Amino acid sequence: MAQLSAAAPQFLTVAEVAQLARVSRMTIYRMVHSGELPAVRVGSSYRVPMSAVQQLLAGSSEIQAAGE
């Protein structure tokens, strides 16, 4: 089984992000669809990079996509 490095990007579900930000899942979906919050589509769901969530929670007005 392959080991993930600690530097590997970590992702959260929309529900997890909503819970952390104390907003509804629909709010997070709107942010993803508008491009305000970067996300990766996995099948029919989205995963949000932990770095973007940290910037969102820190109140940063400039949220960058993972790897930028």
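**Valine 40 and its patch**

I began with valine 40 in this predicted model, and I found that residue in strand S2, which covers residues 40-42. I then looked up its exposure: valine 40 has a relative accessible area of 38%, so I entered valine 40 as partly exposed. That value also lies over the 30% that a patch residue needs, and I noted that Phe11, Val40 and Val42 make a nonpolar surface patch of about 230 Å².

**Serine 45**

I moved on to serine 45, which I located in strand S3. With a relative accessible area of 24%, serine 45 is partly exposed; I wrote down the cut-off here, because buried would require a value under 20%. I looked for a partner of its side chain and recorded a polar contact of 3.1 Å between the side chains of serine 45 and arginine 47. I also checked a pair that is separated along the chain: serine 45 and threonine 13 stand 32 residues apart in sequence, while their C-alpha atoms are 8.1 Å apart in space.

**Arginine 22**

Next I turned to the loop between H1 and H2, where I found arginine 22. Its phi is near 55 degrees, and I marked this as a positive value in a residue other than glycine. I asked myself whether arginine 22 is buried or exposed. Its relative accessible area is 78%, so I entered arginine 22 as exposed.

**The core**

I then listed the largest nonpolar core, which has twelve residues: Leu12, Val14, Val17, Ala18, Ile28, Met31, Val32, Leu37, Tyr46, Val48, Ala52 and Val53. When I sorted this core by element, I found that helix H1 (14-21), helix H2 (25-34), strand S3 (45-49) and helix H3 (50-57) each supply at least two of its residues.

**The whole chain**

I closed with the overall picture, counting three helices and three strands in the protein, which follow the pattern β-α-α-β-β-α when read along the sequence. Of the 68 residues in the protein, I noted that 21% are buried. For the accessible surface I recorded about 5,000 Å², with 51% of it belonging to carbon and sulfur atoms. Lastly I looked up how contacts are spread along the sequence: among those with a separation of 6 or more, 43% are between residues 24 or more positions apart.

Key
Residues numbered from 1 in each chain as written. Predicted model: local features only at pLDDT ≥ 70, side-chain atom pairs only at ≥ 80, totals over all residues. Heavy atoms only, no water. Core = buried A, V, L, I, M, F, W, Y, C linked by side-chain atoms within 4.5 Å. Buried < 20%, exposed > 50% of the residue type's maximum accessible area, 1.4 Å probe, protein only. Helix = DSSP H or I, 4+ residues; strand = E, 2+ residues; numbered from the N terminus. Contact = heavy atoms within 4.5 Å. Areas by Shrake-Rupley, 256 points an atom, 1.4 Å probe, with all protein chains shown as cover. Patch = residues over 30% accessible without salt bridge, like charges linked within 9 Å, V, L, I, M, F, W, Y side chains within 5 Å. Salt bridge = Lys/Arg side-chain N within 4 Å of Asp/Glu carboxyl O. Polar contact = N/O pair within 3.5 Å; in protein donor to acceptor, adjacent residues only side chain to side chain.
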